[in-house]
Amino acid sequence: MELREKILANLNLVKEKSPLIHHITNYVTVNDCANIVLAIGGSPVMADDLEEVAEMVGFASALVLNIGTLNARTIESMLVAGLRAKALGVPVILDPVGVGATKLRTNTAEKLIRELKPEVIRGNMSEVKILAGLEAAIKGVDSLADEQDSSIIAKKLASELSCVIAITGKTDVVSDGSQVCLLDNGHRILADVTGTGCMTTSLVGTFCGVTKDYYTAAIAGIISMGLAGEIAQASLRHGEGVGTFRARLFDSIYNLTPETLAREGKISNE
Amino acid sequence: MELREKILANLNLVKEKSPLIHHITNYVTVNDCANIVLAIGGSPVMADDLEEVAEMVGFASALVLNIGTLNARTIESMLVAGLRAKALGVPVILDPVGVGATKLRTNTAEKLIRELKPEVIRGNMSEVKILAGLEAAIKGVDSLADEQDSSIIAKKLASELSCVIAITGKTDVVSDGSQVCLLDNGHRILADVTGTGCMTTSLVGTFCGVTKDYYTAAIAGIISMGLAGEIAQASLRHGEGVGTFRARLFDSIYNLTPETLAREGKISNE
Amino acid sequence: MELREKILANLNLVKEKSPLIHHITNYVTVNDCANIVLAIGGSPVMADDLEEVAEMVGFASALVLNIGTLNARTIESMLVAGLRAKALGVPVILDPVGVGATKLRTNTAEKLIRELKPEVIRGNMSEVKILAGLEAAIKGVDSLADEQDSSIIAKKLASELSCVIAITGKTDVVSDGSQVCLLDNGHRILADVTGTGCMTTSLVGTFCGVTKDYYTAAIAGIISMGLAGEIAQASLRHGEGVGTFRARLFDSIYNLTPETLAREGKISNE
């Protein structure tokens, strides 16, 4: 099956199966993550207590780990849930928010990667550079990196870690270590709303809940958010801005058809 | 006074008294819960630290306990706040989110019910079945149960626990053990937005803050959300979806009049 | 430079420099705080773990401490982050949410003030009265105080604590102990949405990230929110309410120009 057909089929599967996506995530954008999973047709569950995460992940089709506001309690829960997910064959999707900004984030991301071997890692260029052992310019949890070299870095790191690496930015890059593709949907206003990165990871997680082809799943998640961002931005009228944009972003994901996703996705293979 | 008149009177009381509703709730939908209480005319306060919950509940007109993202720290706070509420005659409203999904949730809900004897329990059919000791089909924190038998189950459990049981679903059921009524407002899009169940519980809590007639309070809270959902959904135009719906849901609660609530509520006694 | 020119210049600086604003804040309104900082042109980061706060604040241009849902873990993080901020010359902005409602809140606010000597404290009249050692009428985390005496209290407390005191209410008052000014923007609907106080503090923090003139920064932050509230409210059509208002509030901050801010701000010196 061709890539666009696979993406189309995957969105149909999401709407048909409504996969349960277990999140251990930050308290800043958790509501957005739950709503975006619902909007595309999935079923989110947020549970982070050590006493229940292993049990909860047993019902899940994917596990999303996001270190946006990590702390000692949730780091342990991430490890326990992640190990259980691996034992059950549930894919683990990691969003290493702000890795490189503090030692705690860097050490935690490295530990999660080492012990859990996530199926997909989704970050911005600065975050992925840190994971690749390269120097990166970081400001809080936002990326300052240029995006040249991104496909080389994505491919190399994906190969080293035997996972899918997805780098989002002006142009997004996804690689599984052998294939690389560039995605050109999106709009810069997405960077003016908190949580659009986290939500992209949650969408990737949702697609990973219906297919073992995590490379296609990552692409589908990223172009879903990019396309929805374009549609939402194009709908803005004079005087409207990020508040209205945000509501329309959920509208656009909710109304996204498999045909639009496959047709309008700007995908090019390297 | 007839039921519809009582509902009308209760909404007037909420707007007049602005009851303080103390919540110990989950971090996914907490902002929505605070905003829905404000929208209907109440005054929300969210406080969960063991050091302050007993003191805070002393100012409150109702205590809402929601186990959506429970953990060891907040479970203890719920017990302490709940016991203080009972001692003060402040009604306790329990939302047993996801009970049955994990042992932690089931044990916690059962413990809260046993030790606090909540005045109202609001859940979906799967959750209430678990509390009633019946088998239920559960997926994460969402219900998969059919809704037949719901009035029998509601009435039986309400009688056993000497409280009001409110089961929300396609048709909602409320019982205090002797009376049972069915509510038919709402729209299925409500299930596509996270937190609509939690918000319903917060609305029930707000009504419980102005009357000792918790049966009527539960009905008033549930039909407020159902009606607001209908109005918000009917306002959607082409291309709009869950994002716009969610904003309009708060608009509709904010603009809900006592007359509309009493007139448009689809209430039938069994 | 005249006050209005300084405000205009400060908003230009925010948009040019995009200062990183480190928050340790509550889980109720944290998403709103992040989005409001982004909307005005700043860069928010939320991090509260003891292991990383001192490191994170090293990258920040301001530190916002908000005790809305404080607990033992975050209180310690606030102290550690605050002491590091002071050592580095990073301004500390305190929002003493609900101080006076419980001993925990009062003790924590007093400790943070004593140990950190914040550059700006932003609260409602009840909260500031408590900090000034006066009696106040409090209901949960909302103010019931009248606003007569507010400039006297603001000036006296600012002088005692050698900081800027900002009291928001129908008329806002800002004082640095010698200067006092009254601000008359805003709309009462702002009180019907949770987090508008917290967001105001985050905007004040954002302005403190680009100037050492914290008196002007506090004024700029408060009139930004007041003006945005007016614009958002004026845009509402029949049937719209707090949900739509909230989206438009972010729109209005996003589209706020330095010229509008300087021209439409209703500022009067005492």
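In this predicted model, helix H5 of chain C is followed by C:Lys117, whose phi is positive, near 45°. The report starts from this helix and proceeds to the contacts between chains, the fold of chain A and the relation between the copies.

**Helix H5 of chain C**

H5(C) comprises 14 residues, which at 1.5 Å a residue should span 20 Å; the end C-alpha atoms of the helix are 19 Å apart, in agreement with that expectation. Five residues of H5(C) are buried, namely C:Leu104, C:Arg105, C:Thr108, C:Ala109 and C:Leu112. They lie on the same side of H5(C), because the arc that they cover around the axis is only 125°. An α-helix has 3.6 residues a turn, so residues three or four places apart point the same way. The partners of the buried residues of H5(C) within chain C are strand S3 (62-66), helix H4 (72-88), strand S4 (92-95) and helix H6 (125-131), against which they pack. On the face of H5(C) turned away from its buried side, the exposed residues are C:Lys103 and C:Arg114.

**Contacts between chains**

H5(C) also takes part in a contact between chains. Chain C contributes 27 residues to its contact with chain B, and chain B contributes 29 residues. On the side of chain C that touches chain B, two elements give two or more residues: helix H5 (103-116) and helix H10 (242-255). H10(C) gives the most to this side, with four residues. Classified by residue type, this side of chain C has 10 nonpolar, 11 polar and six charged residues.

In the contact between chains A and B, 29 residues of chain A meet 27 residues of chain B. Here the elements of chain A that give two or more residues to the side touching chain B are helix H2 (30-40), strand S2 (43-46), helix H3 (53-57) and helix H10 (242-255). H10(A) gives the most to this side, with eight residues. The side of chain A that touches chain B has 16 nonpolar, five polar and eight charged residues.

**Helix H2 of chain B**

Helix H2 (residues 30-40) of chain B is largely enclosed by the rest of the structure, because 11 of its 11 residues are buried. The buried residues of H2(B) include the charged residue B:Asp32, and also B:Asn31 and B:Asn35. Further buried residues of H2(B) are B:Val30, B:Cys33, B:Ala34, B:Ile36, B:Val37, B:Leu38, B:Ala39 and B:Ile40. After H2(B) comes B:Gly41, with a positive phi near 120°.

**Fold of chain A**

Chain A contains 11 helices and 11 strands. Its radius of gyration is 17 Å, close to the 18 Å that the globule rule gives for 270 residues, so chain A is as compact as a globular protein of that length. Taken along the principal axes, the box filled by the C-alpha atoms of chain A is roughly 45 × 40 × 40 Å. Of the 270 residues of chain A, 65% count as buried. Among contacts in chain A between residues at least 6 apart in sequence, those that join residues at least 24 apart make up 73%.

Two serine residues of chain A have positive phi values, and the table sets out their backbone angles and loops.

| Residue | Phi | Loop in chain A |
|---|---|---|
| A:Ser18 | near 45° | between helix H1 (3-17) and strand S1 (20-24) |
| A:Ser162 | near 50° | between helix H7 (150-161) and strand S8 (164-168) |

The surroundings of these two residues are as follows. A:Ser18 is buried, because 21 other C-beta atoms lie within 10 Å, and the cut-off for a buried residue is 20 or more. A:Ser162 is exposed, because 10 other C-beta atoms lie within 10 Å, and the cut-off for an exposed residue is 12 or fewer.

**Relation between the copies**

A turn of 120° with a shift of 0.0 Å along the axis lays chain A on chain B with an RMSD of 0.0 Å. This is the relation of a three-fold axis. A:Tyr27 is the residue of chain A that comes closest to the rotation axis, with its C-alpha at 3.6 Å. The copies use different surfaces, since 10% of the contact residues of chain A recur in chain B.

Key:
Residues are numbered from 1 along each chain as its sequence is written. Chains are lettered from A and ligands numbered from 1 in the order in which they are written. This is a predicted model: local features need pLDDT of at least 70, side-chain atom pairs count only at pLDDT 80 or more; totals for chains, interfaces and linings use all residues. Two residues are in contact if their C-beta atoms, placed from the backbone, lie within 7 Å. The expected span of a helix is 1.5 Å times one less than its number of residues. The arc is that of the directions from the helix axis to the C-beta atoms. The radius of gyration is taken over C-alpha atoms; the globule rule is 2.2 Å times the number of residues to the power 0.38. Copies are superposed by least squares on the C-alpha atoms of residues with pLDDT of at least 70 in both.
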